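Student: Could we go through this protein together, one question at a time, with the reasoning spelled out for each answer?

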Amino acid sequence: MTGIDYSQKIPNNVDLSSDKRLQRALEEWQPNYIEWWKSVGPTDFNTNEVYLRTAVSVNADGWAHFGYVKMPEYRWGIFLEPRDAERRIGFGDHEGEAAWQQVPGEYRNWLRRLIVTQADTEPASVEQQRLLGHTAPSLYDLRNLFQVNVEEGRHLWAMVYLLHSYFGRDGREEAEELLQRRSGNPDHPRILGTFNEPCQDWLSFFCFTMFTDRDGKFQLLALAESGFDPLARTCRFMLTEEAHHMFVGQTGVGRVIDRACTLMKEHPGKDVTEFGAIPLELIQRYINFWYSSSTDLYGAEVSSNSANFFAAGLKGRAYEDRYKEHKANEGSMRIERFVDGKLSAEDVAMRNAMNEVLRSEYIKDCEKGVDYWNRITEKHGIDFKFKLPHRRFNRRIGDYAAGRFDFDGNPISEAEWNQKVDQWLPNEKDRAYVKSLMVPCHEKGKFASWISAPLRGINDQPTDFEYVKL
Ligand SMILES: [Fe+2]
Ligand SMILES: [Fe+2]
């Protein structure tokens with residue numbers, strides 16, 4: 001049951017051919033999707049063969065097949081984890097009831113909103129990254145970019161399947177809208193802030209896949225708990241693919257750090273920019289930007305929406321089974337509120353604190369990535385420690401958006417912020433410098449001046465493998 005039917009126009013493991021109406025609706029959406037891919041997906045490279053993985057089963061091991069594919073011919077399909085007929089809702093007011101196979105009427109709007117919000121991020125990131133192929137630091141990185149792109153496309157398919165399949169006409173309308181909004185378009189932007197930020201250099205891309213795709217991981221973990229079973233099963237399989245995106249980000253930033261450290265050791269006292277590498281302080285500022293922006297994606301610290309979603313059994317906590325108690329009716333979370341320009345701790349009822357619960361899990365996970373980067377500087381004997389800024393730093397959503405906070409989370413005045421912001425966030429000079437380094441390095445086995453080669457290649461191939469046939 002876990003095999004995927006590739007004989008169909010739309011590969012799937014949901015027995016799509018048995019539901020002709022649904023199949024027809026999705027087959028009508030398919031050319032619009034391809035049209036979207038060609039017009040705002042990766043510019044050029046659509047006729048090149050790329051060494052990509054494609055899902056061929058949803059088994060934990062051996063789910064992917066590697067081979068050369070032209071991106072527009074990638075087999076985007078619909079893959080859900082197999083159904084567990086015994087599955088019960090694991091949290092909220094419906095805890096212990098049988099998981100829903102259909103959308104519960106009273107939660108229809110909330111559920112649709114959750115799915116659309118998740119869905120919207122998928123095409124958004126492809127749009128954000130569309131120009132990066134032209135300046136890839138190696139064929140290996142070019143291939144990784146395209147792998148991420150096609151899989152974000154598949155995630156869109158996954159969500160559109162749910163909309164078409166379970167939400168009737170308004171689901172189909174939402175699916176159309178998903179191809180209409182555009183990242184960064186002032187009149188018709190993507191739904192969430194970070195997904196409208198430009199991502200036009202590779203340091204941004206690596207930070208994005210490290211921090212923003214990691215937000216995706218935690219949103220998917222929370223939705224993988226959903227009482228609406230098809231959503232849970234969809235998200236579980238998406239998580240399998242997501243791991244590679246974060247790998248690209250974490251090791252990508254790591255290789256930029258490694259390159260700078262190598263040059264610092266080879267040329268003590270010299271500025272690494274002389275050798276076309278990126279200084280560690282500058283990398284830290286990019287981290288600060290993408291991390292703080294992605295931290296916003298969890299929403300306000302105190303949220304009645306998040307309480308509703310949890311109570312209804314629609315969106316749980318990441319790793320819900322690690323908690324002893326799944327109703328979360330009692331207990332609270334201590335949150336530093338920021339009201340009228342002052343910080344003060346407040347015990348917030350647990351259900352209302354669900355955004356903060358998820359954000360805290362996310363932060364813990366990000367810290368592991370930072371530890372990984374610090375092991376690189378350590379290994380080189382370079383006295384520099386990367387750090388995540390405080391969660392209050394540079395926020396646009398929630399309590400802290402109302403004030404200014406320094407790197408360590410202390411409230412500061414607007415004047416002080418303006419004075420110091422250039423030390424904390426990428427400034428014009430930083431961006432111009434990074435941009436100046438963005439020249440393609442498309443020769444087999446070669447890497448741009450600002451990044452080290454990876455430790456190993458993809459799917460046991462050597463690092464000088466022809467990952468993209470140009
Ligand atoms: Fe995704
Ligand atoms: Fe992703």
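**Helices, strands and overall form**

Tutor: Let us begin with helix α2, where 15 of the 21 residues are buried, so that this helix is largely enclosed by the rest of the structure. Bear in mind throughout that the model is predicted.

Student: What distance should the 21 residues of helix α2 span at 1.5 Å a residue, and how far apart are its end C-alpha atoms?

Tutor: Helix α2 covers residues 108–128, and the expected span is 1.5 Å times one less than the number of residues. For the 21 residues of α2 this gives 30 Å, which agrees with the separation of its end C-alpha atoms, also 30 Å.

Student: How many of the 8 residues of strand β4 are buried?

Tutor: A residue is buried if 20 or more other C-beta atoms lie within 10 Å of its own. Strand β4, residues 342–349, is hardly covered, and the count of its buried residues is 0.

Student: Which strand pairs with β4, and which residue in the turn of their hairpin has a positive phi?

Tutor: The partner is strand β3 (residues 332–339), which pairs with β4 in the antiparallel sense over 8 bridges. Within this pairing V339 stands opposite K342 in β4. The hairpin formed by β3 and β4 has 2 residues between the strands, and the turn residue with a positive phi, of about 50°, is D340.

Student: Why is one side of β2 and one side of β7 left without a neighbour in the sheet?

Tutor: The open sheet has 3 strands in the order β2-β1-β7, with antiparallel pairing. Since β2 (64–70) and β7 (468–469) stand at the edges, one side of each is left without a neighbour, because each has a single partner strand.

Student: Which residue in β2 does R53 stand opposite?

Tutor: Strand β1, residues 49–55, runs antiparallel to β2 and is joined to it by 7 bridges. In β2, the residue opposite R53 is F66.

Student: Which helix lies across β1 and β7?

Tutor: The helix in question spans residues 139–166 and runs at about 40° to β1. Lying across both β1 and β7, it is helix α3.

Student: What is the radius of gyration of the protein, and what does the globule rule give for 470 residues?

Tutor: The protein has 11 helices and 7 strands. The globule rule gives 23 Å for 470 residues, and the protein comes close to this, so it is as compact as a globular protein of that length, with a radius of gyration of 22 Å.

Student: What percentage of the 470 residues is buried?

Tutor: The C-alpha trace spans about 65 × 60 × 40 Å along its principal axes. Of the 470 residues in the protein, the buried ones make up 47%.

Note on methods. Residues are numbered from 1 along each chain as its sequence is written. Chains are lettered from A and ligands numbered from 1 in the order in which they are written. This is a predicted model: local features need pLDDT of at least 70, side-chain atom pairs count only at pLDDT 80 or more; totals for chains, interfaces and linings use all residues. Two strands pair if DSSP finds at least two bridges between them. Helices (H or I, at least four residues) and strands (E, at least two) are DSSP runs, numbered from the N terminus. Two residues are in contact if their C-beta atoms, placed from the backbone, lie within 7 Å. Axes are lines fitted to C-alpha atoms, for helices over the stretch in contact, and angles run from 0 to 180 degrees between N-to-C directions. The radius of gyration is taken over C-alpha atoms; the globule rule is 2.2 Å times the number of residues to the power 0.38. A residue is buried if 20 or more other C-beta atoms lie within 10 Å of its own, exposed if 12 or fewer, and partly exposed in between; C-beta atoms are placed from the backbone.
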